[in-house]
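Visitor: I would like to go through this model with you and ask how each label is earned.
Guide: Go ahead.

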Amino acid sequence: MILPTILRQPRLLANTTHKITLRSLADISVEHGRGAWKTYGDVTSYQPGKFQIKTYNKISPIGLSKFPSDQYEVKSGEEAANAHAILLRSHKLQEDEVNLTVRAIARCGAGTNNVPVVRMSELGIPVFNTPGANANAVKELVICGMLLGSRKIVDGINHMHSLGEQGLAKERVEKDKAMFGGRELKGKTLAVVGLGHIGAATARDAEHLGMHVVGYDPMLSIENALKLPRSIQLSGSMVEAVRSADYISLNIPYIKGEGGTHGVINSDICDNLKEGAVLLNFARGELVDSEAIKKHLDEKNGRYISDFPDDLLWNHPSTILLPHLGASTEEAEDAAASMAAETIRDFLETGTIRNSVNFPATSLPNRPENSIRFTVVTNNQINQSKGGVAYNVVDVDTGGHEVVDFKEVQEKITMLEGVLSSRVIYGVPGTGYAKNVGGDYFV
């Protein structure tokens, strides 16, 4: 791709800004460029001088308060006809819900399988998540799951309910408690598969409970490795990790397609589980092959504790299914929404990219005085990229004497082959965005 002469040198890097001097800068009005208003489905939904945020699901008010009212307006669903960013939790986002005006999408949570990430990459839209925001909430439920899988607590509760209905509780309680014997966690082995925020926290707390901890994560980062308990034993394969474990906690993302994690807990893994092993799935239901784990439950007296529905195992006596409660605490929802809002703000206001699942991380300083920031999203590999998307940033000095119409420069760059979108960031919310839509210039 050849950039116009004005931006050809120096080379642009995804995580670096460069300064280019222009003699002056023409006015860049609201959604600058030609055909401004005709690109909007509902002019009354757009307030010039503000970023518009579209929300799906009930987003924590504490998180939404991170958007200052003098720069942002927050609207729900289709009320936000001209959204600049989307904030959501579990809503399964469809492409037709992503307006042409949308610059970014953030999910209040770690997983993004309810967002069409691949398609958003093709459209040049970064998708953000909030890793670690719900880690403590999920970790606590994993610990709860180990207890549920050890002490027949649910069975005991149901039995007491039945006795209560018959008026026999006081008479039978001491005699019947022998039906619900269990085992302690202390001294048992926990295999943690996936040592990210949740996995590392689970490993630390399990050690405090007196458990022996084994871990497996082929993608273990230095940051998370430093969070692990010193006594943890790292394994070279998943089979090695689970073979001697009394409990197995899954903490890995769900990735579709070849080489992904769909059904990663298959017959090869389940055949290596020991007698009575408890599988804890608080990551994603699709990670587990239901037929494979059912065989373990039936033949080896195992237990399966999951935070997701399962059409095969929903009524199995050795299975406990919860209604996706992992991050359902006020604290986790507040933390995730706050992190998502701050990530969106950083991107819209400065172009910074952090916690994106499809764009390269790009840490940017504030714009220099008397400058604008120009960003270009391309589908080629000329710079640092992630998943085929490259992010280019340049700061342009607007001082001097000669007039340059930057609107024309932006249009020429945006319509180059391989360019998906561009932004001019100069301090006025909601303005400066352009993209190539099937060969048409959208502003």
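**Labels and their grounds**

Guide: Start in the strands: N281 has S306 in β12 as its bridge partner. This is a predicted model.

Visitor: What makes β11 and β12 a pair?
Guide: Pairing needs at least two bridges. Four bridges join β11 to β12, and the two run parallel. So the cut-off is met, and the strands count as paired.

Visitor: Which strand pairs with β11 in the parallel sense over four bridges, besides that one?
Guide: Strand β10, residues 247-250. There, I248 has L279 of β11 as its bridge partner.

Visitor: How do you know that both faces of β11 are covered?
Guide: Look at the side chains by face. V278 and L280 on one side are buried, and so are L279 and N281 on the other.

Visitor: What packs against β11?
Guide: The buried residues of helix α11 do. They also pack against α10 (267-270), β12 (303-306) and β13 (319-321).

Visitor: Which residues of α11 are buried?
Guide: In this helix, residues 290-300, they are S290, A292, I293, H296 and L297. Seen down the axis of α11, these buried residues fall within an arc of 170°, so they line one face of the helix. E291 and E299 are exposed on the other side.

Visitor: What is found at the two ends of α11?
Guide: At the start, a side-chain oxygen of D289 comes to within 3.0 Å of the backbone nitrogen of E291. The cut-off for a polar contact is 3.5 Å. After the helix comes N301, with a positive phi near 55°.

Visitor: Now the open sheet. What is the order of its five strands?
Guide: The order is β3-β2-β4-β5-β6, with parallel pairing. β3 and β6 (127-128) are the edge strands.

Visitor: Why are β3 and β6 called edge strands?
Guide: Each pairs on one side only.

Visitor: How do you know that β4 and β5 pair?
Guide: At least two bridges are required. Four bridges join β4 to β5 (residues 104-107), and the strands run parallel. The requirement is therefore met. A85 stands opposite A104 in β5.

Visitor: Which helix lies across these strands?
Guide: Helix α12, residues 330-350, lies across β2 (51-55), β3, β4, β5 and β6. Its angle to β5 is about 165°.

Visitor: Why is the pair of F128 and F347 called tilted?
Guide: The structure holds five aromatic pairs. In the pair of F128 and F347, the centres are 5.8 Å apart and the planes are at 55°. Rings pair if their centres lie within 6.5 Å; planes under 30 degrees apart are stacked and over 60 edge-to-face. An angle of 55° falls in between, so the pair is tilted.

Visitor: What does the pair of F128 and F347 tie together?
Guide: F128 is in strand β6 and F347 in helix α12, so the pair ties together parts that are 219 residues apart in sequence.

Visitor: Why are F128 and F347 called buried?
Guide: Buried means under 20% relative accessible area. F128 has 1%, and F347 has 4%. Each value is under the cut-off, so each residue is buried.

Visitor: What makes the pair of F347 and Y391 tilted?
Guide: Their ring planes meet at 40°, with centres 6.5 Å apart, so this pair is tilted. F347 lies in helix α12 and Y391 in strand β16, so the pair links parts that are 44 residues apart in sequence. F128, F347, F359 and Y391 form one aromatic cluster.

Visitor: Why does D395 count as buried?
Guide: D395 is in strand β16, residues 389-397. Its relative accessibility is 2%. The cut-off is 20%, so D395 is buried.

Visitor: What makes the link between D395 and R373 a polar contact?
Guide: Their side chains are joined at 2.7 Å. The limit is 3.5 Å.

Visitor: Where does N82 lie, and why is N82 called buried?
Guide: N82 lies in the loop between β3 (72-76) and β4 (85-88). Its relative accessible area is 1%, which is under 20%, so N82 is buried. N82 and T101 are 19 residues apart in sequence, yet 6.0 Å apart in space, C-alpha to C-alpha.

Visitor: And how many helices and strands are in the chain?
Guide: There are 13 helices and 19 strands. Of the 443 residues, 49% are buried.

Definitions and conventions
Residues are numbered from 1 along each chain as its sequence is written. This is a predicted model: local features need pLDDT of at least 70, side-chain atom pairs count only at pLDDT 80 or more; totals for chains, interfaces and linings use all residues. Side-chain values use heavy atoms; hydrogens and water are left out. Buried means under 20% relative accessible area, exposed over 50%, partly exposed in between (1.4 Å probe, protein chains only). The arc is that of the directions from the helix axis to the C-beta atoms. Contact means heavy atoms within 4.5 Å. A polar contact is a pair of N or O atoms within 3.5 Å; within protein, one must be able to donate a hydrogen and the other to accept it, and residues adjacent in sequence count only if both atoms are side-chain atoms. Axes are lines fitted to C-alpha atoms, for helices over the stretch in contact, and angles run from 0 to 180 degrees between N-to-C directions. Rings of Phe, Tyr and Trp (its six-membered ring) pair if their centres lie within 6.5 Å; planes under 30 degrees apart count as stacked, over 60 as edge-to-face and the rest as tilted.
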